[in-house]
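Work through these exercises with the model open beside you. Try each task before you read its solution.

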Amino acid sequence: MLRLRNVDVLYGKVPALIRVSLHVRPGEIVALVGGNGAGKTTTLLAASGLVRPKDGEITFEGRDVSRLSPDRIVAAGLSHVPEGRLVWKPLPVEDNLRLGAFLRSGDAAGVARDLDEVYGLFPILAERRRQPAGTLSGGEQQMLAIGRALMARPRMLLLDEPSMGLAPAVTREIFSLIVRLRRERGLTVLLVEQNARMALRIADRGYVLETGRVILQGPADELLENRDVQRAYLGRDADAGDSPSH
Amino acid sequence: MTFSDYLQFLLSGLTVGSTYGLTALGFTIIFNTTGIVNFAQGEFVMLGGMLGVFFLSGLGLPLPLALLLAVLATLLIGALMERLTIRPVQDAPVINLVIVTIGVSILVRGIVQIVLGKDTHALPPFTGSAPVSIAGAAVQPQSLWVLCITCGLLLLLRHFFSRTLWGKAMLACAFDRKAAFLAGIGVRRMVLLSFMISAAVGATGGVILAPLTMTSYDVGIMLGLKGFAAAVLGGLGNPFGAALGGLILGVLESFAAGLLSSAYKDAFTFVILLLLLFCKPSGLFGRRGFERV
Ligand SMILES: Nc1ncnc2c1ncn2[C@@H]1O[C@H](COP(=O)(O)OP(=O)(O)OP(=O)(O)O)[C@@H](O)[C@H]1O
Ligand SMILES: [Mg+2]
């Protein structure tokens, strides 16, 4: 569904991605893990058109998106929930959600239906619909960011560190939602996480990124068993607790 | 000094302050969507007045049509400015873009000077010039036009930014540009729109004030500076604070001119601006912790 082939990205003269290749098949949850500054966020930004690859190929559903503007990529069905949530803090929750459907402003009935659906997924957002988004807790802001992305009716979601700064219980809630979205809507997910254990537990496959290169890839359970992965990425979050299974 | 003298100062201050306010509003609309302080904003005001004169006397069009065309033409010029000078270098640091706007303002002033001349012009008042008496103060009917049109425009923009999806999308670009891109909002189009709205708002200010204060190719400099002062006074980034800042500035100026001496009128503005920058850099109505991207 999404495929990167030999993608190079530079920030100025500094390479951030070096010949990165990865693919996500329809209906899959794929985890992209790696340490600080490995290039995970850059990979997602390249897919959604916010940074341009210097070289390589990015296709979504067979179509070259590497020259498409970010709003065309959203319109094509690929939505990105950014690192740090980036909700529009002064705007009310409901405006944040409605703006997620900016490209569908002709379809008022559909937007209203999806708004109800997002409120169904996240009842807490319905309660707080008139509050400025900045007043929400971290977990609620993450739900809002996901809800905003869903309002564009994507077929695939790019999720950048949804667990960042959240308590384990809230993280579990978010992760089980991801699993549920895949099960109920067939949503395809590329999930970036520092919390590698939890990400690999809900994922079908995974990629490990290190200093801009893919150094390992494979089925998620094999990566979880992999000695190198365990040593480098799973050591310190062994107490992350039970995660939802698929 | 009597009550009616004070009322007189107040009303003439509000009238001039309306133009400062509309100029300031133009500053904030562009600043909000782009982070750019557009130093060509004063030229939009000048273009409104000068093009109005041109369409009226040069082409002999009826007044309402001439004024409408002047505003629309300035709106197009704002769009051209964005397309030709901002978009090609949009990824440059903001400070470079600010310098580009200074270049544009010099260019626009030069072209108007060559094409329309250096003379000072006045537009006729919209509905006669016999002063109306309000509680002993003599008021030009044009002042009432200025106040009403300014209020109307403020209400319209308020509705746009707080009730319409496009208005909210423009705000979203200001609050978090990256999130706006990722939500599928055409940020480039919003930037273009912000230049068009700012140009039209500025030109409207120019058109309604020209019957009272005369206009010429170089009025944009001072109006731009006053508008900028008003925008800073109101807290750059807050459109309605900016408009209010303009009104306050106009009234203060009018009282300073009336009670002290009109020679200090302009200096007065900048003393206020400096004091404010020292004491409360976020402006009178600036939101604390307002994040810029
Ligand atoms: N805008 C930028 N300009 C210059 N360098 C950048 C920029 N953004 C990221 N980098 C650099 O590119 C490399 C990859 O960054 P990236 O944000 O993709 O990593 P990451 O895997 O998402 O890290 P983290 O886990 O901290 O979010 C890092 O070395 C980072 O310092
Ligand atoms: Mg990152």
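**Exercise 1. Is A:Thr41 buried or partly exposed?**

Solution.
The model is predicted, so every step here rests on a predicted structure.
Step 1. Take the relative accessibility of A:Thr41, which is 22%.
Step 2. Compare it with the cut-off: buried means under 20%, exposed means over 50%, and partly exposed lies in between.
Step 3. At 22%, A:Thr41 therefore counts as partly exposed.

**Exercise 2. Find the protein donors of the magnesium ion (ligand 2), and say where they sit in the chain**.

Solution.
Step 1. List the donor atoms. A:Thr41 gives OG1, and A:Glu83 is listed with OE twice.
Step 2. Read the distances. These donors lie 1.8 to 2.8 Å from the ion.
Step 3. Place the two residues. A:Thr41 is in helix α1 of chain A, and A:Glu83 is in the loop between β6 (78-81) and α3 (93-100). They are 42 residues apart, so the pair links distant parts of the chain.
Step 4. Check the accessibility of A:Glu83. Its relative accessible area is 31%, so A:Glu83 is partly exposed.

**Exercise 3. Describe the surroundings of ligand 1**.

Solution.
Step 1. Count the shell. There are 13 residues around ligand 1. A:Lys40, A:Thr41, A:Thr42, A:Glu83 and A:Gln194 come nearest.
Step 2. Sort the shell by class. Three residues are nonpolar, seven are polar and three are charged.
Step 3. Ask which element gives the largest share. Helix α1 (residues 40-47) of chain A does, with three residues.
Step 4. Look for short polar distances. A:Thr42 has a side-chain N or O atom 2.4 Å from an oxygen atom of ligand 1. For A:Thr41, a polar side-chain atom lies 2.6 Å from a ligand 1 oxygen. For A:Glu83, the corresponding value is 2.7 Å.
Step 5. Estimate the cover. On its own, ligand 1 has 630 Å² of accessible area, and the protein covers 58% of that.
Step 6. Connect this with Exercise 2. A:Thr41 and A:Glu83 are among the residues that come nearest to ligand 1, and both also supply donors to the magnesium ion.

**Exercise 4. Explore the loop between β6 and α3 of chain A**.

Solution.
Step 1. Start at A:Pro82, which lies in this loop. Its relative accessible area is 4%, so A:Pro82 is buried.
Step 2. Look across the chain. The C-alpha atoms of A:Pro82 and A:Ile146 are 9.2 Å apart, although 64 residues separate the two along the chain.
Step 3. Go on to A:Leu86, in the loop as well. Its phi is near 50°, a positive value in a residue other than glycine.

**Exercise 5. How many helices and strands does chain A have, and does its radius of gyration agree with that of a compact globule or depart from it?**

Solution.
Step 1. Count the elements. Chain A has ten helices and ten strands.
Step 2. Compare the radius of gyration. A compact globule of 246 residues would have a value near 18 Å; chain A has 17 Å, which agrees.
Step 3. Add the extent. The C-alpha trace spans about 45 × 40 × 30 Å along its principal axes.
Step 4. Add the burial. Of the 246 residues, 57% count as buried.

**Exercise 6. Repeat the survey for chain B**.

Solution.
Step 1. Count the elements. Chain B has eleven helices and two strands.
Step 2. Read their order from the N terminus: α-α-α-α-β-β-α-α-α-α-α-α-α.
Step 3. Compare the radius of gyration. It is 19 Å, close to the 19 Å that the globule rule gives for 293 residues, so chain B is as compact as a globular protein of that length.
Step 4. Add the extent and burial. The C-alpha atoms fill a box of roughly 60 × 50 × 35 Å, and 52% of the 293 residues count as buried.

**Exercise 7. Examine B:Thr23, B:Val16 and B:Met214**.

Solution.
Step 1. B:Thr23 is in helix α1 (residues 3-34) of chain B. At 0% relative accessibility, B:Thr23 counts as buried. Its side chain reaches the backbone oxygen of B:Thr19 at 2.7 Å.
Step 2. B:Val16 also belongs to helix α1 of chain B. At 25%, B:Val16 counts as partly exposed. Its C-alpha atom is 9.0 Å from that of B:Leu212, 196 residues away along the chain.
Step 3. B:Met214 lies in the loop between α8 (187-213) and α9 (219-234). Its phi is positive, about 70°, although B:Met214 is not a glycine. At 42% relative accessibility, B:Met214 counts as partly exposed.

Definitions and conventions
Residues numbered from 1 in each chain as written. Chains lettered and ligands numbered in written order. Predicted model: local features only at pLDDT ≥ 70, side-chain atom pairs only at ≥ 80, totals over all residues. Heavy atoms only, no water. Near = heavy atom within 4 Å. Polar contact = N/O pair within 3.5 Å; in protein donor to acceptor, adjacent residues only side chain to side chain. Areas by Shrake-Rupley, 256 points an atom, 1.4 Å probe, with all protein chains shown as cover. Helix = DSSP H or I, 4+ residues; strand = E, 2+ residues; numbered from the N terminus. Nonpolar A, V, L, I, M, F, W, Y, C, P; charged D, E, K, R; others polar. Donors = N, O, S within 2.8 Å, 3.2 Å for Na, K, Ca; no water. Buried < 20%, exposed > 50% of the residue type's maximum accessible area, 1.4 Å probe, protein only. Rg over C-alpha atoms; globule rule 2.2 N^0.38 Å.
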